[in-house]
Amino acid sequence: MTNVPVPEPGLFPVPPKVTRAQKAAAAKTASVLVEALPYIRRFWGKVVVVKYGGNALAAARGDGAGAERAGAEQAAAEPSGKGTGDEDHDGALEALASFAQDVVLMRAVGILPVVVHGGGPQISELMQRLGKETEFRNGLRVTDADTLDIARMVLVGKVNRDIVSAINVHGPLAVGMSGEDANLITATPSHAELGFVGNVSVVDPTMLQRLLAEGLIPVVATIGADESGQAYNINADTVAGALAEALQAEKLIFLTDIEGLRVVADDPTTVIRQASLAVIDEIIRSGGIRGGMMPKVEACVRAVRAGVHRAHILDGRVPHALLLELFTDAGVGTMVMP
Ligand code: ADP
Ligand code: MG
């Protein structure tokens, strides 16, 4: 028998006093984890494409400014108007940090997230700072060569970098890419009079699959190129839908700046929690969907038709909206299913 030195009693660490409130909080945490378990098991190893709206960033204050301007504009077009001002900056950073945390947590429990981002308000802001006029036709931004340069610089060089950095605070996880990289997105011009605004013609998901297989999180800026290498700015909602389809994702999730899809655009009491494709068709026909919501709904419909299990339109202003949707029984926003 060896002589094990016995420490003096005073040297034993005294367990900290646990208050009743702390015990209750811990029990709550445990029950939250238990609630999440079936979802974690269901989504393990599945691809989830998340589109982070330029406006979800800019509208981080949660003042509902978005609701006021349901009208004219569309996607590759998204003009500013939702706070890109100074006082929004902190809120936007906070929202981005919280989004990054959610994405990292998804990855940590075995989900394979792919992030797609817009940046309309950020493009408009730089255009303004450079004193460049924005011309809109039918609510779509006319994109001449200068505008395309600006859009590409902002999306690939700024917004993409910001999201990648926010994720990589948690570890070497995110890899930023443009749709031009490894021919991810081949584009064709969408309307002759809009200049370099593109449609998705082909998606080659090989590079995404390679990154996912390595446990990395791709973050995609939605610039595509045609066969000659000419770049085009493409609506981020459309790209998110096309990537979800190409990857046969489990889910396609839009984080935006409104509480969900409304049957009537201007009436907040008409938010719909679940909708089949047939119901969505009805809503589209009734004219209830306008502006930036249209490409989201179209992308949801297309993706779900093409085999994506569920599509969601969530309120990106709600902290941890992604976690609430993925891992709780409640769910938030609107769910589109076959
Ligand atoms: P994002 O940056 O997320 O793409 P958008 O402004 O392009 O944001 O799209 C979201 C906006 O769509 C909402 O803020 C709202 O004003 C508008 N909208 C139009 N029709 C509807 C509808 N039926 N339900 C909800 N929002 C709608
Ligand atoms: Mg939009």
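The following legends describe close-up views of a predicted model.

**View 1. Packing of helix α4 against helix α5.** Helix α4 covers residues 120-129 and helix α5 covers residues 145-168. Their axes are 9 Å apart and meet at an angle of about 125°. That angle makes α4 oblique to α5. The crossing in which α4 passes α5 is right-handed. On the α4 side, the contact is made by Q122, I123, L126 and M127. On the α5 side, T147, I150, A151, V154, L155 and V159 take part. By class, this contact of α4 with α5 has eight nonpolar residues, two polar residues and no charged residues.

**View 2. Surroundings of H117 in strand β2.** Strand β2 spans residues 112-117 and includes H117. H117 counts as buried because its relative accessibility is 0%, and buried means under 20% relative accessible area. The side chain of H117 is joined to the side chain of N160 by a polar contact of 3.1 Å. Residues up to four places away in sequence aside, H117 touches Y52, L155, V159, N160, I163, V219, V220, A221, T222 and A236. Among these, L155 and V159 also belong to the α5 side of the contact with α4.

**View 3. Packing of helix α7 against helix α9.** Helix α7 consists of residues 236-247, and helix α9 of residues 293-305. The two helices pack at an angle of about 10°, and their axes are 8 Å apart. With this angle, α7 is roughly parallel to α9. From α7, the contact involves D237, T238, G241 and E245. From α9, P295, K296, A299, R302 and A303 contribute. The residues of the contact of α7 with α9 comprise three nonpolar, two polar and four charged.

**View 4. Surroundings of I223 in strand β9.** I223 belongs to strand β9, which runs over residues 223-225. I223 has a relative accessible area of 0% and is therefore buried. M177 lies 46 residues from I223 along the chain, and the C-alpha atoms of the two are separated by 9.6 Å. Not counting residues up to four places away in sequence, I223 touches R152, L155, V156, S178, G179, E180, A231, Y232 and N233. L155, one of these residues, is also touched by H117.

**View 5. Surroundings of H312 in strand β13.** Strand β13, residues 310-315, contains H312. The relative accessible area of H312 is 0%, so H312 is buried. With residues up to four places away in sequence left out, H312 touches K251, L252, I253, F254, E325, T334 and M335. M335, one of the residues touched by H312, is the subject of the next view.

**View 6. Surroundings of M335 in strand β14.** M335 is placed in strand β14, which is formed by residues 334-337. M335 has 16% relative accessibility and so counts as buried, the limit being under 20%. Between the C-alpha atoms of M335 and L314, which are 21 residues apart along the chain, the separation is 8.6 Å. Apart from neighbours within four places in sequence, M335 is in contact with R273, Q274, A275, R310, A311 and H312. Of these, R310, A311 and H312 fall within strand β13, residues 310-315.

Note on methods
Residues numbered from 1 in each chain as written. Chains lettered and ligands numbered in written order. Predicted model: local features only at pLDDT ≥ 70, side-chain atom pairs only at ≥ 80, totals over all residues. Heavy atoms only, no water. Axes fitted to C-alpha atoms, helices over the stretch in contact; angles between N-to-C directions. Helix = DSSP H or I, 4+ residues; strand = E, 2+ residues; numbered from the N terminus. Parallel < 35°, antiparallel > 145°, perpendicular 65-115°, else oblique. Left-handed = near helix turned anticlockwise from the far one by under 90°. Contact = heavy atoms within 4.5 Å. Nonpolar A, V, L, I, M, F, W, Y, C, P; charged D, E, K, R; others polar. Buried < 20%, exposed > 50% of the residue type's maximum accessible area, 1.4 Å probe, protein only. Polar contact = N/O pair within 3.5 Å; in protein donor to acceptor, adjacent residues only side chain to side chain.
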